[in-house]
Amino acid sequence: MITKTLAMLTLFFGPLVMINIGLVANPWLLFMLYIISGIGMAGIGMGIMHDAIHGSYSKSQKVNNYLGYTMNLIGANATVWKIQHNVLHHSYTNIDGADDDINAPFFLRFSPHAKKNGLHRFQHLYIWFFYGLSTISWVTAKDFIRLVRYRNMGFLDKENEFRNELIKIISWKLLYYSYALIIPMLMVPLAPWIIILAFLSMHVVTGLLISIVFQVAHIMPSTKFPLPNEDGFVLGDWSTHQLATTTNFSPNSRFFSWLIGGLNYQIEHHLLPNICHVHYKKLSNIVAETAREYGMPYNTKRTFVGAIMDHIGVLRKLGKMQSVSTK
């Protein structure tokens, strides 16, 4: 984890340092450096902050808290992510209206229970554009929108907690935009629109990588989209719910797993989110065997490409099928 942390932070900040000190004057080099930084940004999101905010990076809560701030360093917000991901996504996986990972704007449909419109029949074609824009939306408006919504949902209810978090979000975002965009515009002898496009290319890379990795784990042919029941927002019991709504992919590629923070073992992560992802591969054998023993689902795809193709198929199907009644 320490090696990965140093590698991903260097991959993200190294190119930005070169840009900020004025060593870049060629547009192609500028784009290349921003894209490399985008890969590092995705690596920080999937391989550092994800474990840290789950409290699974280290046995020390202080270490987890400090490394959780890497989320803020890449322009997002650790507090908002913790509510969105740790609380809502992990508690109510694939439940329309409760899991914020599948709550989408009107032009996207990630659940058979979501309202359908005519645009959805093409979503498997245009989804990639919006996946690419996901992180730029995240670091501009989405954190503020979610902060307000989460307060209205009953989170952030301590005295001045909402105000203090809002101040933190604004401060961290000012810092991020300063070194990721404003200083480069001052230091790089190129037209501002070129620098802005290069900055956006960084986010397109990050957005695509993060969105695809997270979405193919849940929006798949084999995963379920359960409805709330009288016992709560779960399918049967909590463990069965996680197994039924989650899919692993590319389990045999050690390098790929290292690169994406073990998120190809989503089943193990959802069942054991407090365990560091470096243990998922070994744990997967135990989990798979136990699932078979008790006749429980254990969804897995052999390759990442195969998982993406299945994900496209589900998006196409959701774009055509009518809404399933929520009653």
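Start by selecting Met71: this residue is buried, with a relative accessible area of 2%. The model you have open is predicted. Met71 belongs to helix α4, which covers residues 70–73. Now add Leu174 to the selection. Met71 and Leu174 are 103 residues apart along the chain, and their C-alpha atoms are separated by 14 Å.

**Zoom out to the whole chain**

Show the cartoon. The protein chain has 13 helices and two strands. Its C-alpha atoms fill a box of roughly 60 × 45 × 45 Å along the principal axes. How does the radius of gyration fit a compact globule? For 327 residues, such a globule would have a radius of gyration near 20 Å. The protein chain has 20 Å, so the two agree. Colour by burial next: buried residues make up 50% of the 327 residues.

**Two loop residues with positive phi**

Most residues other than glycine have a negative phi. The next two stops have a positive one.

Select Asn94. Its phi is positive, at about 65°, although Asn94 is not a glycine. Look for Asn94 in the loop between α5 (78–91) and α6 (123–152). Is Asn94 buried or exposed? Asn94 counts as buried because its relative accessibility is 0%, and the cut-off for buried is under 20%.

Move on to Leu156. Here phi is about 55°, again positive in a residue that is not a glycine. Leu156 sits in the loop between α6 and α7 (161–187). Its relative accessibility is 9%, so Leu156 counts as buried.

**Aromatic rings**

Show the side chains of Phe, Tyr and Trp. How many aromatic pairs does the structure hold? There are 20. One of these pairs is Phe106 with Phe107, in an edge-to-face arrangement. Their ring centres are 5.2 Å apart, with 80° between the planes. Turn on the surface and check Phe106: this residue is exposed, at a relative accessible area of 58%.

Now select Tyr176 and Tyr177. They also form an edge-to-face pair, 5.4 Å centre to centre. The angle between their planes is 75°. Tyr176 is buried, with a relative accessible area of 1%. Tyr177 has 19% and is buried because the cut-off is under 20%.

Extend the selection from this pair. Which residues join Tyr176 and Tyr177 in one aromatic cluster? Add Phe12, Phe13, Tyr34, Tyr179 and Phe199 to complete it.

**A charge over a ring**

Select Arg151 and Phe162. Arg151 lies over the face of Phe162, at 4.1 Å from the ring centre. Rotate until you look down onto the ring of Phe162.

**A nonpolar patch on the surface**

Finish on the outside. Select Met185, Trp193, Ile196, Leu197 and Leu200, which form a nonpolar patch on the surface. Together these residues have about 450 Å² of accessible area. Which element gives the patch its largest share? Helix α8, residues 192–215, supplies four residues. Leu200 lies in this helix. Click on Leu200 last: its relative accessibility is 33%, so it counts as partly exposed.

Definitions and conventions:
Residues are numbered from 1 along each chain as its sequence is written. This is a predicted model: local features need pLDDT of at least 70, side-chain atom pairs count only at pLDDT 80 or more; totals for chains, interfaces and linings use all residues. Side-chain values use heavy atoms; hydrogens and water are left out. Rings of Phe, Tyr and Trp (its six-membered ring) pair if their centres lie within 6.5 Å; planes under 30 degrees apart count as stacked, over 60 as edge-to-face and the rest as tilted. Buried means under 20% relative accessible area, exposed over 50%, partly exposed in between (1.4 Å probe, protein chains only). A charge sits over a ring if NZ of Lys or CZ of Arg is within 6 Å of the ring centre and within 35 degrees of the ring normal. Patches are made of residues with over 30% relative accessible area and no salt bridge: like charges are joined within 9 Å, nonpolar side chains (Val, Leu, Ile, Met, Phe, Trp, Tyr) within 5 Å. Accessible areas come from the Shrake-Rupley method with a 1.4 Å probe; for residues, only the protein chains shown count as cover. A salt bridge is a side-chain nitrogen of Lys or Arg within 4 Å of a carboxyl oxygen of Asp or Glu. The radius of gyration is taken over C-alpha atoms; the globule rule is 2.2 Å times the number of residues to the power 0.38.
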